[in-house]
Amino acid sequence: MNIRAMKCKQGEIGDLKKPGWIYEPKLDGIRALCFVNKQMKFISRNENDLTKQYPEFTFRNAINAKECVLDGEIVGYNKQGHILSFSEWKTNEAYFAYVVFDIVQLNGKSLARKQLIDRKKILDAVIRQQKNLEKIVFTHDGPFLYKLMKKNHMEGVIAKYPESFYYSDVRSDKWLKIKFTKTVDCIIVGFTQEKRPISSLALGLYNKSKQLHYIGKVGTGFNQKNIKELYTLLKPIQKKESPIEKTLKKIPSKIHWVKPKIVAEIAYEELTPQKILRHSRFVQVRYDKKPKECTFKEQGPRS
């Protein structure tokens, strides 16, 4: 499969007022491309086949195309119809929907070089909404949507240039994510055990030279459930030597090092000039992210 999801760059509050841009809710789910033929196949950003995990996705007849490729987010709802955060999926009786925001290919023809606003019109003609299949809403009023999303405890807003093409597997400045809390997806490089199986996590990002750069530890945001989850993930991949490039920064002691295989989303207040996260907080494990994506260039934090 040579089509992969287009990615967003980090945006700022000022990006909510870009003339002519459109704004969509930022959903907390699993990004997935839907490859539609006689059947449907859902492929995550890290190219895992998710199709069997969502047997309720039986909406092929609601897609008016012999073949197409859709881009969207798998989201969970509770019984009251409120969107759940990804971390709540396993603790609630969720039902799931595929929320579509783009169409990349239709009946064998690429739409990647059509403008986004034209792809939206094509999408309107292709998709018939039902319980497990939705189309994303959008507006030209960025500040209004931002306030609404904050009121409803959502993640933030996605800003998109309406004339943008679809760039497969590219992090483009034509799509910007504007979140209420600054977050960064980091590689877990180790952990400490002062008072519990996981007391803190040591974190890293790759620099331009593909060296793993230490960016600090996080010791808050954990509960008993994710401590158990993290320890189960990290215990089997422990190693004696640090995966961090030692010449880059003084590394703290008493860390149980691990192979750089697990990605965690971390909230933070700022990045210091020494490239250390301040006031950081663990959010969740990101099973949909690959460690190689965790670079300062691709999605590292802004100071």
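A search of the whole structure, which is a predicted model, finds 14 aromatic pairs. One of them is formed by Trp-21 and Tyr-161, whose ring centres are 5.8 Å apart and whose planes stand at 45 degrees, so the pair is tilted. This pair links distant parts of the chain, since Trp-21 belongs to the loop between β1 (7–10) and β2 (22–26), while Tyr-161 belongs to the loop between β9 (156–160) and β10 (171–179), 140 residues apart. The two partners can also be described by their accessibility: Trp-21 has a relative accessibility of 8% and therefore counts as buried, whereas Tyr-161, at 26%, counts as partly exposed.

A second pair is made by Phe-42 and Tyr-98, with ring centres 5.1 Å apart and planes at 80 degrees, so this pair is edge-to-face. It too links distant parts of the chain, with Phe-42 in strand β4 (residues 40–44) and Tyr-98 in strand β6 (residues 95–106), 56 residues apart. Both Phe-42 and Tyr-98 are buried, and they belong to one aromatic cluster that is formed together with Tyr-54, Phe-57, Phe-59 and Phe-96.

Aromatic rings also meet charged side chains in this model, as the following table sets out.

| Charged residue | Ring beneath the charged end | Distance to ring centre |
|---|---|---|
| Lys-18 | Trp-21 | 4.9 Å |
| Lys-160 | Trp-175 | 3.9 Å |

Trp-21 thus appears in two settings, being paired with the ring of Tyr-161 and having the charged end of Lys-18 over its own ring.

The next topic is the division of the chain into domains. Domain 1 covers residues 7–179 and domain 2 covers residues 182–298, and the C-alpha centres of these two domains lie 29 Å apart. The contact between them takes 13 residues from domain 1 and 11 residues from domain 2. Between them, domain 1 and domain 2 bury about 1200 Å², and 34% of that area is on carbon and sulfur atoms.

A closer look at Ser-200 follows. This residue is found in strand β12 (residues 200–206), and its relative accessibility of 7% is the reason why Ser-200 counts as buried. When its neighbours within four places in sequence are left aside, Ser-200 is in contact with Gly-190, Phe-191 and Thr-192, and also with Lys-217, Val-218, Gly-219 and Phe-222. With one of these residues, Thr-192, there is also a polar contact, which joins the side chains of Ser-200 and Thr-192 at 2.6 Å. The position of Ser-200 can further be related to Ile-255, which is 55 residues apart from Ser-200 in sequence and 9.1 Å apart from it in space, taken from C-alpha to C-alpha.

Asn-207 lies in the loop between β12 and β13 (212–218). Is Asn-207 buried or exposed? At a relative accessibility of 18%, Asn-207 counts as buried, because buried means under 20%. The side chain of Asn-207 also meets the backbone: a polar atom of this side chain lies 2.9 Å from the backbone nitrogen of Ser-209, and the backbone nitrogen of Gln-211 likewise lies 2.9 Å from a polar atom of the side chain of Asn-207.

Terms used: Residues numbered from 1 in each chain as written. Predicted model: local features only at pLDDT ≥ 70, side-chain atom pairs only at ≥ 80, totals over all residues. Heavy atoms only, no water. Phe/Tyr/Trp six-rings, centres within 6.5 Å; stacked < 30°, edge-to-face > 60°. Helix = DSSP H or I, 4+ residues; strand = E, 2+ residues; numbered from the N terminus. Buried < 20%, exposed > 50% of the residue type's maximum accessible area, 1.4 Å probe, protein only. Lys NZ or Arg CZ within 6 Å of the ring centre and 35° of its normal. Contact = heavy atoms within 4.5 Å. Polar contact = N/O pair within 3.5 Å; in protein donor to acceptor, adjacent residues only side chain to side chain. Domains from an automatic or database assignment. Buried area = accessible area lost by both parts, 1.4 Å probe.
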